[in-house]
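Reader: Please give a close look at a single part, the protein surface that faces the DNA. Take the two strands in turn, and then say how the two protein chains are related.

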Protein chains: 2
Amino acid sequence: MTGEQTEKPARKPRIRDAEATKARILDAAKKEFAKNGLGGARVDDIAEKAKANKRMIYHYFESKEGLFQTVLEDAYLDIRSAEQKLHLEDLDPTAALEKLVRFTWEYYLKNPEFLTLVNSENLHRAKHLKKSEIIKVSSRKLVNLVSSILERGVKAGVFRDGVDPVQLNITIAAVGYYYLTNRFTGTIIYERDLMAKDALEQRIQFNIETIMRLVTV
Amino acid sequence: MTGEQTEKPARKPRIRDAEATKARILDAAKKEFAKNGLGGARVDDIAEKAKANKRMIYHYFESKEGLFQTVLEDAYLDIRSAEQKLHLEDLDPTAALEKLVRFTWEYYLKNPEFLTLVNSENLHRAKHLKKSEIIKVSSRKLVNLVSSILERGVKAGVFRDGVDPVQLNITIAAVGYYYLTNRFTGTIIYERDLMAKDALEQRIQFNIETIMRLVTV
DNA sequence: TAAAGAAGTAACTAGTTAGTGCGTTAAATG
DNA sequence: CATTTAACGCACTAACTAGTTACTTCTTTA
């Protein structure tokens, strides 16, 4: 509908570029939603940061919630696709699991907006995610990935039998997510700078230890 | 200042009762902040739910943020005091640790507002908690509690040496917190009702297993 | 019982905020 | 080159929202 012949032109920098404007809005919205939550985010601020007119937001995304939904979907698709790119099936079970734990931690660390977006979505009882079929499909792949790592480990005699892949998946996420999403209150409660370089290094080692001990025979 | 002679009268139900009004406001505010976050909460709604006039909120708590800070402080003090009441020092190390894991899980389960309040506070980079000295003091007690359980376990030969009590504390919270705060997105991602009775039972068992394997020799 | 002080209320303000109506301008098309 | 289509922007509105002003009513105490 938008441009059949004009697939990826990138020939000359167009002054009017729908895709580029859309991308700028999404980028600005991601930051704004992550910083202030869905309720706290301001549409005017998103438009300004995106160097777009507010009218464009409503033209491309219908509403503030429509924009949030797209931002959230994109965020989930990004982490799910990055997980697939790890090619864990090529590694032995122990190395594969350790790599997944490390990847999850580093992804959260490099993309703190992801954590806040997920928190915001849960505050709204996942009403936006519910509508998205593609998220379910890509999540299923992640569970299957962990399932097969576990199976291979059991066969190789390095992992114990009976570990639920969903519970393991949740726990891998949990030990990183909690630490990082609560880094501000955590720094006060535990009277220790949780984001100091050595603190982060100590935590990822602890997380690997936690997960490995959980699955090992 | 408010009433020296009238310490806990409870003689006749007063039509005008400052303490009762204050309590109703705090209760309504806790629910409203938990449901909608600090930004999404509406002062008018809090007043209405509390069956108090909005002016009273500003009289007792100065501002919306002042009210939020009091709600948050109260929430932290409640869980910290409940932890102390477990008297874990009277149990053997293994039983004490298991009881703490179970308590933490059940507290989150029964008080989901706590999770949302903490999330909201982290969205605001812990600016309200920073001001509270009493929170630091009571948190220190929790870390000391876990420290002494670990120490006793090492001496008894049931726990391994070198486990950082802060990391352990964080992990005990993490495995419950993540599961419950993300119960809405989780139910979609993992295509499983995470709040079903047997799912909850399975999770607490998994959490105990995770923590026990982490500290055992 | 009169005076003082505290508890409580209605109505308002000044500033925001999501969302729109309508016109303008650039690019594609025949 | 004329016409259509899509990108873009200004200026507005209707509803909302934190916080306040000015007042009434109840309770305590000298």
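**The surface near the DNA**

Author: In the side chain of Arg42(B), an N or O atom sits 2.6 Å from a phosphate oxygen of DNA strand D. This is a polar contact, that is, a pair of N or O atoms within 3.5 Å. The model is predicted: local features need pLDDT of at least 70, side-chain atom pairs count only at pLDDT 80 or more, and totals for chains, interfaces and linings use all residues, while side-chain values use heavy atoms, without hydrogens and water. Residues are numbered from 1 along each chain as its sequence is written, with chains lettered from A and ligands numbered from 1 in the order in which they are written.

Two more polar contacts involve DNA strand D. Thr21(A) has a polar side-chain atom 3.0 Å from a phosphate oxygen of the strand. Arg55(B) reaches a base instead: a side-chain N or O atom of Arg55(B) is 3.2 Å from a base oxygen of DNA strand D.

Which residues lie closest to DNA strand D? They are Arg16(A), Asn53(A), Arg42(B), Lys54(B) and Arg55(B), out of 23 residues that surround the strand (a residue is near a strand if one of its heavy atoms lies within 4 Å of it). On the DNA side, 52% of the strand D atoms that come within 4 Å of the protein belong to sugar and phosphate.

Both protein chains build the surface near DNA strand D. At least two residues each come from α1 (18–40) and α3 (54–61) of chain A and from α2 (43–49) and α3 (54–61) of chain B (helices are DSSP runs of H or I, at least four residues, numbered from the N terminus). The largest share, four residues, is supplied by α3(A). By type, this surface has 10 charged, eight nonpolar and five polar residues (Asp, Glu, Lys and Arg are charged; Ala, Val, Leu, Ile, Met, Phe, Trp, Tyr, Cys and Pro nonpolar; the others, Gly among them, polar).

Now DNA strand C. There are 23 residues around this strand, and Arg16(A), Arg42(A), Lys54(A), Arg55(A) and Arg16(B) come nearest. Of the strand C atoms within 4 Å of the protein, 54% are in sugar and phosphate.

One polar contact here goes to a base: a side-chain N or O atom of Lys54(A) is 2.6 Å from a base oxygen of DNA strand C. Chain B supplies contacts to phosphate. In Thr21(B), a side-chain N or O atom is 3.1 Å from a phosphate oxygen of DNA strand C. With Asp17(B) the backbone is involved, one of its N or O atoms lying 3.3 Å from a phosphate oxygen of the strand.

The helices that give at least two residues each to the surface near DNA strand C are α2 (43–49) and α3 of chain A and α1 and α3 of chain B. Here α3(B) gives the most, with four residues. The residues of this surface comprise eight nonpolar, five polar and 10 charged.

As for the chains, a turn of 180° with a shift of 0.0 Å along the axis lays chain B on chain A with an RMSD of 0.1 Å (a least-squares fit on C-alpha atoms of residues with pLDDT of at least 70 in both copies). That is the relation of a two-fold axis. Both copies use the same surface, since 100% of the contact residues of chain B recur in chain A (contact means heavy atoms within 4.5 Å).

Key
A polar contact is a pair of N or O atoms within 3.5 Å; within protein, one must be able to donate a hydrogen and the other to accept it, and residues adjacent in sequence count only if both atoms are side-chain atoms.
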